[in-house]
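User: Please take a close look at one part of this structure, the place where two of its helices pack together, and then show me how that part sits among its surroundings. I am in my first year, so go through it step by step.

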Amino acid sequence: MINVFIPHRWSNEDYIMLSALLDKTKYQIRDYSVSKSSPFDSIDRRYNVDPQIQKQIQYASVVVCSNRPANNNGMAIDEIRYARDIGKPIVAVQITSNSSMVLAQLGISVIPYRKDSLENWINRSLLN
């Protein structure tokens, strides 16, 4: 079982696309992302990443995000930074033709939107 956290915004289809790709892999996935059907009642704005979301990221074995340039600002990029700071393996899947500059600055690899690419990355990340 692989625990996954997907930083996302509900205003785009990234979460749905990444979940679908993860479902196609050979791995059993437990999703620790914040679901649309069970959002947190409140977010504590005193933190860059709300403690409830921090806990979800801590449970994750890996973090899978999109390469969307809109991730340059906002909560998703704060979640990605938090995951990096606590040592979680992170990968960006290429959903758009342009990638977020912040992901490049953080040293996060961008892989093709393909099942085998994601499986290979998960395999390498969990073996290290």
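Analyst: In this predicted model, helix 2 passes helix 3 in a right-handed crossing. The residues that make the contact are I53, Q54, I57 and Q58 on the side of helix 2, and M75, E79, Y82 and A83 on the side of helix 3. The axes of helix 2 and helix 3, the latter spanning residues 75-85, come within 10 Å and cross at roughly 50°. An angle of 35 degrees or more but under 65 falls outside the parallel and perpendicular classes, and the two helices are therefore described as oblique to each other.

The spacing of the contact residues is easier to follow with a rule about helices in mind. An α-helix makes a turn every 3.6 residues, so residues three or four places apart point the same way.

Helix 3 has further partners besides helix 2. Its buried residues are A76, I77, E79, I80, Y82 and A83, and what covers them includes strand 1, helix 2, strand 3, strand 4 and helix 4, which spans residues 101-105. E79, Y82 and A83 thus appear both among the buried residues of helix 3 and among those that touch helix 2. Just after helix 3, the chain reaches G87, which takes a positive phi of about 85°.

Helix 2 also takes part in the one aromatic pair that the structure holds. In this pair, Y32 and Y59 are tilted, with 5.3 Å from centre to centre and 45° between the planes. Y32 belongs to the loop between strand 2 (29-31) and helix 2 (51-59), while Y59 is in helix 2, so the pair ties together parts that lie 27 residues apart in sequence. The two partners fall into separate classes of accessibility: Y32 has a relative accessible area of 18% and is buried, whereas Y59, with 43%, is partly exposed.

Strand 2, which comes before that loop, contains R30. R30 counts as partly exposed, at 38% relative accessibility. Leaving aside residues up to four places away in sequence, R30 touches M1, I2, N3 and V4, and its C-alpha atom is separated by 4.7 Å from that of N3, although R30 and N3 are 27 residues apart along the chain.

A second helix pair offers a useful contrast. Helix 1 and helix 5 pack at an angle of about 75°, with their axes 9 Å apart, and they are therefore roughly perpendicular to each other. Here L21, L22 and K24 in helix 1 meet K115, L118, E119 and I122 in helix 5. Helix 1, residues 14-24, has the buried residues D14, Y15, L18, S19, L21 and L22. Seen down the helix axis, these residues fall within an arc of 160°, so they line one face of helix 1. The face turned away from the buried side carries D23 and K24, which are exposed. Besides helix 5 (115-127), the buried residues of helix 1 pack against strand 1 (2-5), strand 2, strand 3 (62-66) and strand 4 (90-93).

Stepping back to the whole chain, there are five helices and five strands, and from the N terminus on they run β-α-β-α-β-α-β-α-β-α. Buried residues make up 45% of the 128 residues. Of the contacts with a separation of 6 or more, 73% join residues 24 or more positions apart.

Key. Residues numbered from 1 in each chain as written. Predicted model: local features only at pLDDT ≥ 70, side-chain atom pairs only at ≥ 80, totals over all residues. Heavy atoms only, no water. Phe/Tyr/Trp six-rings, centres within 6.5 Å; stacked < 30°, edge-to-face > 60°. Helix = DSSP H or I, 4+ residues; strand = E, 2+ residues; numbered from the N terminus. Buried < 20%, exposed > 50% of the residue type's maximum accessible area, 1.4 Å probe, protein only. Arc of directions from axis to C-beta. Contact = heavy atoms within 4.5 Å. Axes fitted to C-alpha atoms, helices over the stretch in contact; angles between N-to-C directions. Parallel < 35°, antiparallel > 145°, perpendicular 65-115°, else oblique. Left-handed = near helix turned anticlockwise from the far one by under 90°.
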